[in-house]
Structures are given as C-alpha cells and as structure tokens.
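Please look through the structure shown here. The text below takes up a cavity and then a single residue.

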Amino acid sequence: MTRATVTTATTPPAPTPPATMTPTATPPTAVPRTATPPTAVRPADLTPAPLDREAGYALLAELAGPVAAATLGGLDGLAPGFADWIVTSLFGGTYQRPGLALRDRQIANLAALTALGGVEPQLADHVRNSLRIGMTREEITEVIVHLAPYVGVPKALAGLRVATATFTATDTPTTEAPTAADTRAEARA
C-alpha cells in the first residue's frame, strides 16, 4: 500500500497596508478613558407619552367590537397581563397620538401587515376594523394592490386573499352589536 505524500502550500505574507490605512494607537474619534460619560437622559427631559387605558379599551371596542373580547381573553389565559399591555400601550397610547386620523392609521396597519406577511389573523382583524370605521372594500383592496411593486406580488396576493375571505365573512349575518361608527352612520342617513 502506498502512502500519499501531502504537501502544504505556503501562502505569501499579507501585503502591508498603505501608510494612510495603518491603524494608529488612538483613533481620532476615540474617547479618552478619563473622559466623563455623557449625562444620562432623565425622564424629566422627555415629553411624557400619555397612556390612557380606558381610552384604549374604548377605541378597541369601537374598532373590533365583540371579537376583541374573545381574542384578548384567550391571550390573557396564555400570557397574563400581555393583552392589557397591548391595549393600554397600543390603543391607549400610539393610537391616541395626534397627527393621523384613525382611517390613516388603518391604512398604515393594512400596509404594514401585508408587507410583513405571515400575520394573516392580524391582517384580517384590521381589514374588519377598516370596514367598521367606514373604509370601503375598494379602498382596502386598492391599499393592498398598491403595495405589489413595493413588497412583491406574492405578499400582495396573500393580502388580497385575506381581504377577500374577510369580506366574505362579513357578508355572513352575525349577532354583533352595532359599533359607534355604525350608529353615527345611521344618524347621518
């Protein structure tokens, strides 16, 4: 039996970097160790973020109706306190900020959830919420179609499938109580 002889190739030494790229002992942007750290941000220096728990639950009831209670109850059974944190910080905080109308926030939600993909239950909830606040099926559909060149055709198609299924489900008679938006619409008619 013959043994193979293994020869190792030697690699040439790495080239020396030009003088302009040679690291210096102390880079010009380095902070000397003797410097005092910057002062910490103090809560008093920041604008408080209002969190209104009651406003959050009221808004969620308007947006989602009785569906929210079932969803939140199940979530609270699994992760106690998490559902309340979501409602308080999201619906009682972020949604309460000035600058965007509720309709605009729903358009942003539809776009973000469609772009994310894999969040079909949440997208369906926001399609339903968008209908409840007065957006039309055509507007919701157009938001999702508009995303195709930005997020990709497959994600837009997946979003449209969720919207179609949600539209179909809303055509089925339910025993849900009318929302505040329904009541306002009836009053205007």
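The largest cavity has a volume of about 60 Å³. The model in which it appears is predicted. When the whole structure is searched, one cavity of 30 Å³ or more is found.

Which residues line the largest cavity? The lining is made up of Leu113, Thr114, Gly117, Gly118, Val119, Glu120, Leu123, Lys155, Ala158 and Gly159. Three elements give two or more residues each to this lining: H4, helix H5 (120–132) and helix H7 (153–171). Of the elements, H7 gives the most, with three residues. By residue type, the lining of the largest cavity divides into four nonpolar, four polar and two charged residues.

Helix H4, one of the elements that contribute to the lining, spans residues 102–116 and also holds Gln106. Is Gln106 buried or exposed? Its relative accessibility is 0%, and because buried means under 20%, Gln106 counts as buried.

The surroundings of Gln106 can be described next. Leaving aside residues up to four places away in sequence, Gln106 touches Leu63, Tyr95, His126, Asn129, Ser130, Ile133 and Met135. With one of these, Ser130, there is also a polar contact: the side chains of Gln106 and Ser130 are joined at 3.3 Å. To follow this on the model, start from Gln106 in helix H4 and look for the side chain of Ser130. The other residues that Gln106 touches, including Leu63 and Tyr95, can then be located in turn.

Notes
Residues are numbered from 1 along each chain as its sequence is written. This is a predicted model: local features need pLDDT of at least 70, side-chain atom pairs count only at pLDDT 80 or more; totals for chains, interfaces and linings use all residues. Side-chain values use heavy atoms; hydrogens and water are left out. Helices (H or I, at least four residues) and strands (E, at least two) are DSSP runs, numbered from the N terminus. Buried means under 20% relative accessible area, exposed over 50%, partly exposed in between (1.4 Å probe, protein chains only). A polar contact is a pair of N or O atoms within 3.5 Å; within protein, one must be able to donate a hydrogen and the other to accept it, and residues adjacent in sequence count only if both atoms are side-chain atoms. Contact means heavy atoms within 4.5 Å. On a 1 Å grid over the protein atoms alone, a cavity is a set of points where a 1.4 Å probe fits but cannot get out, and a pocket is an open set with protein on both sides within 12 Å along at least five of seven lines; lining residues have an atom within 4 Å of a point. Grid points are joined across faces, edges and corners, and a volume is the space filled by probe spheres set on the points. Ala, Val, Leu, Ile, Met, Phe, Trp, Tyr, Cys and Pro count as nonpolar, Asp, Glu, Lys and Arg as charged, and the others, Gly among them, as polar.
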